[in-house]
Each structure stands twice: as structure tokens, then as C-alpha cells.
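Student: Please take one part of this model and look at it closely. Keep the steps short, and show what each one rests on.

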Amino acid sequence: MSTAHLRYTIIGAGHGGKAMAAHLALMGVEVRLYNRTHKHIEALKARGGITLETEDCGVGEFGELALVTSNMQEAVAKTDVIMVVVPASAHRDVAELLAPHLQDGQIIVLNPGRTLGAVEFRKVLRDHNCAAKVVVAEAQTFIFAARSDGPAQARILRVKDAVPLAALPSKDTQYVLDALSSTYPQFIDGGNVLQTGLDNVGAIFHPTISLLNAGWIEATGGNF
């Protein structure tokens, strides 16, 4: 995969999703933003982008988006990287919606995984007979401290210096790091998804989800 002009899709138009979409757009990346509830993105769609404020700039800059949609098929068609920015409780729903529309070579990153999310994601794709050859990875935590200041506004309060990331299986981790390096050099090798999933307070805050996902580890064949 050529990493020079990767196309990104952001799944989730909450605080983090809007910040990530705008940040990428301002770097010159082609970005699509998906949200399941259309009403939540009406203002974004009307404006065609997001105004982003950062810690370095007191004046908001407008990040133009290639597409704002509640249609998953068009959101991920001909895209290279799918950044899932939703609560852990929504990982299963997103995987189910994505399964019929994924294409070979796409990279999916959970931002963050935290609760062994990559394990659950892989299992759901398999259970829904997803035949596409994709790479699933998860970040240990979200790369930004961000908040939403309005329906089409976002603010990044801080960018974290280093965020561990691991793919499932872990042999694909370096491939993901290399692919994302031009946009997210902050991602570093997180070892494996047991480390990114359990070496994090998210597993404590969401014990039920973590335990259920741990019960599905056999679906990976122990190949972390």
C-alpha cells in the first residue's frame, strides 16, 4: 500500500471523531466522516467540514471533508484507513455494519481498543462471513484530548506524545505503524492486543465488556 495519499474514513462524529476528522483534513488528507444517526451530522454535512481549534492556534481553521454520511457503504468505499472512534460498547455494532462493505487491504484502527476491542471486532467480522482481507488494530488510548464546541466545531486540547498500538495478529503491527506514520508518528509498537487492551484503565472502567471479549480470545487461535 502506498502511504503517500492514504484516504481515511472516521467512524463516529462525537468529540474525538470530529477532532480527528478535522485534524486529518487540515493536513491535506482526504477524509470521510460517518455517523449512524444522521441528525447528529446535519450541520456538518451542510457546512462540508469542521472548524478546529488547537492549543497552538487560538483561531479556528476549517477542515473540509470529502464526505459526511450516515451510509456505511459509501463511507468506506475506496478508502484505505478506517478509524473507529466510538465507545467500547459500540465496537460490535460498528463491526456488524462494516462487515458487508470491507475491501481487501483496508486497515481498521480502534481509537482506542482498551477492552480487547480488536478481539471482539475480529470475531464479529468472522461471524458475519466477512471475506475481505483487512488488518484490525487498536490504540491503547485516544491520541487527542479533545472536545466538541458545537455541531460543526471541535477543539484539540492536547496531542499525546506516544500512543501504543497493536494489530491482531501482532505480526501486522509494524505494517500498520508504517502505513500511519506520515499522519500519526505518535503511534508506537504496543506489543500485542493483550497489552493495549489490559494495560489500560479502560478494562477497569468497562469490566463486563473486557471479560466478554476475553472469552472470545479462542477465536484468534491464541495468535496475538
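Tutor: Contact here means heavy atoms within 4.5 Å. The model is predicted.

Start with His128. His128 sits in the loop between α5 and β8 (135–139). Leave aside the neighbours within four places in sequence, and His128 is in contact with Glu96 and Ala99. Ala99 is 29 residues away from His128 in sequence, yet their C-alpha atoms are 6.4 Å apart in space. Is His128 buried, exposed or partly exposed? Its relative accessible area is 37%, so His128 counts as partly exposed, because that class runs between the 20% and 50% cut-offs.

Glu96 leads to helix α4, which spans residues 91–98. Its buried residues are His91, Val94, Ala95 and Leu98. These four cover an arc of only 100° around the axis, so they lie on the same side of α4. The general rule fits this kind of pattern: an α-helix has 3.6 residues a turn, so residues three or four places apart point the same way. What do the buried residues of α4 pack against? The partners are β1, α3 (72–76), β6 (81–84), β7 (107–110) and α5 (117–127).

Follow one of those partners, β1. Strand β1 covers residues 7–11 and holds Tyr8. The structure has three aromatic pairs. One of them joins Tyr8 and Tyr184: the centres are 6.4 Å apart, the planes meet at 70°, and the pair is edge-to-face. Tyr184 lies in the loop between α6 (173–180) and β12 (187–189), so the pair ties together parts 176 residues apart in sequence. Tyr8 and Tyr184 are both buried. With Phe187, these two tyrosines form one aromatic cluster.

Now Asn35, which belongs to the loop between β2 (30–34) and α2 (42–47). Asn35 has 12% relative accessibility, so this residue counts as buried; the cut-off is under 20%. Two polar contacts involve the Asn35 side chain. A polar atom of that side chain lies 3.0 Å from the backbone nitrogen of Ala13. The side chain also reaches the backbone oxygen of Thr37 at 3.1 Å. Beyond four places in sequence, Asn35 is in contact with Gly12, Ala13, His40, Ile41, Thr69 and Ser70.

To recap the starting point: His128 is in contact with Glu96 and Ala99, and α4 keeps its buried residues on the same side.

Technical notes. Residues are numbered from 1 along each chain as its sequence is written. This is a predicted model: local features need pLDDT of at least 70, side-chain atom pairs count only at pLDDT 80 or more; totals for chains, interfaces and linings use all residues. Side-chain values use heavy atoms; hydrogens and water are left out. Rings of Phe, Tyr and Trp (its six-membered ring) pair if their centres lie within 6.5 Å; planes under 30 degrees apart count as stacked, over 60 as edge-to-face and the rest as tilted. Helices (H or I, at least four residues) and strands (E, at least two) are DSSP runs, numbered from the N terminus. Buried means under 20% relative accessible area, exposed over 50%, partly exposed in between (1.4 Å probe, protein chains only). The arc is that of the directions from the helix axis to the C-beta atoms. A polar contact is a pair of N or O atoms within 3.5 Å; within protein, one must be able to donate a hydrogen and the other to accept it, and residues adjacent in sequence count only if both atoms are side-chain atoms.
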